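This report describes the core and a neighbouring strand-helix-strand arrangement of one protein model. The sequence and structure come first.

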Amino acid sequence: MSTINRSRRAVVLGTLAALALGATACGSSGGDPLGGGSSSSAPAGGSGGSDGSGGSGSTVVVGSANFPENVLLGSIYSQALKAKGVKVQEKFNIGSREVLYGQLQSGNLTLLPEYNGSLLAYLDPKSTAVTTQDVNAALTTTLPAALGILDSSPAEDKDSLSVSQETADKDNLKSIADLAAKAGEFTIGGPPEFKSRREQQLKDVYGLTFKEWKPTADTTANALKDGSIQVGNVFTTDPKIAQYKLVPLADPKNIFGAQNVTPLVHKAGVDATATAALNAVSAKLDTAGLMAMMKRVSVDKEDPSAVAKDWLKSNGLG
C-alpha cells in the first residue's frame, strides 16, 4: 500500500503533529483531545442534543482528520445519517490517526471516514494485503472487538502514475505496464521520497527504468501539464487530474495497494439504520465523484458541508 499517500495527508502526520495535538489536549478541560477540535452539534430535525458519549448513547459522533477531503467525507456521512433521522454530533479537523483511533476505541467518537489500506498499515505494518478484498479481510481479523468496518466504497485516494492525455494518446498508454517501452525516454516526478521508496519496485515489478527522477512534490501535476516530466505520482482524487486532463494509468500488479474510503465504526454506537445509511453512501461514492467534489472544495473554495449536501441530494441520499 502507499505509505507516501497518507503520510502526506493526515493519516500519520508525524511526531510533531501528534505532540502538538497532545499539547492541545493537555490544555483543554478534562484532558479531552476532542476538546480542542472544531465541533458542531447537528442533531436530526434540529432538536435534541448529544451526550458526547458516542458508542454509549443514541447520538453518533462523527469525527474526521484535519485535511479537506476527510472533512468532506465526514460531512457526507453526517448528513446521510441525519437524513435517516439519526442524531449526529460532528467533531471534524481533529488531527492524526494516533489521536482519532484512540478516541474511537474509547467510544468518544463513533464513526470515522477511513482509507482501508492505510488503516491496515497502521495496525499491521507487515501486512502484504493489497486488494480491497484482502485488505478488508485482514482488517476484520486485526481490529479490536469494539471496532469494525462497514462497506468500502469504490472511491480511492491513492498514489498513481499519471501522464498527460497527449502522452497517453501518442504512446498508447493505458497501464503502468505500457510504460516499459518508453520509460528510458521519460522523466518521472513525485515527492522527494518517491524515488527511494518506489524506484526498485517499479524495476522489479514492471521492468521500468526511467531516464530521470525529479523531486516535484506538490507541483507534480503542473510539471505533467507543462511537459517538464512525462510521468508523475499524482493522487487519484487530486482535482488537477480533471483540471489538466491527466490520465492515471491502471496498476494491474497492485504496487499501489487498495485505499478505499471506508467507514470505521465503534460498533456499539451504530444501529441498523445508521449502518444502512453509511453503506448506501459507500455504494454510490466513486473516485471520479470524490475528485469532482474535491475540485469544488480545494479549487473553488466551497464549503465542504454544502458540497456534501449537493452530492447526497444528487444521489438520492439526502
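## Strand β3 and its surroundings

In this predicted model, strand β3 (residues 88-95) is largely enclosed by the rest of the structure, because 7 of its 8 residues are buried. Its pairing partner is strand β2 (residues 60-65), and the two run in the parallel sense over 5 bridges. Within that pairing, glycine 63 has lysine 91 of β3 as its bridge partner. Together with helix α3, strands β2 and β3 make a β-α-β unit that is right-handed.

Helix α3 (residues 68-83) also supplies the largest share of the largest nonpolar core, with 7 residues, that core being the one with Leu72, Ile76, Leu81 and Leu290 among its members. The core holds 53 residues, and these four touch the most other members. Not counting residues up to four places away in sequence, leucine 81 touches Val60, Val62, Val86, Val88, Leu111, Ala274, Ala277 and Leu278.

A second core is separate from this one. The table lists both.

| Core | Size | Members include |
|---|---|---|
| Largest nonpolar core | 53 residues | Leu72, Ile76, Leu81, Leu290 |
| Second, separate core | 20 residues | Leu173, Ile188, Tyr206, Leu249 |

Helix α4 covers residues 97-106. Which of its residues are buried? They are Arg97, Val99, Leu100, Tyr101, Gln103 and Leu104. Glycine 107, just after α4, takes a positive phi of about 90°.

Notes
Residues numbered from 1 in each chain as written. Predicted model: local features only at pLDDT ≥ 70, side-chain atom pairs only at ≥ 80, totals over all residues. Heavy atoms only, no water. Core = buried A, V, L, I, M, F, W, Y, C linked by side-chain atoms within 4.5 Å. Buried < 20%, exposed > 50% of the residue type's maximum accessible area, 1.4 Å probe, protein only. Helix = DSSP H or I, 4+ residues; strand = E, 2+ residues; numbered from the N terminus. Contact = heavy atoms within 4.5 Å. Pairing = 2+ DSSP bridges. Right-handed = clockwise from strand over helix to strand, strands pointing away.
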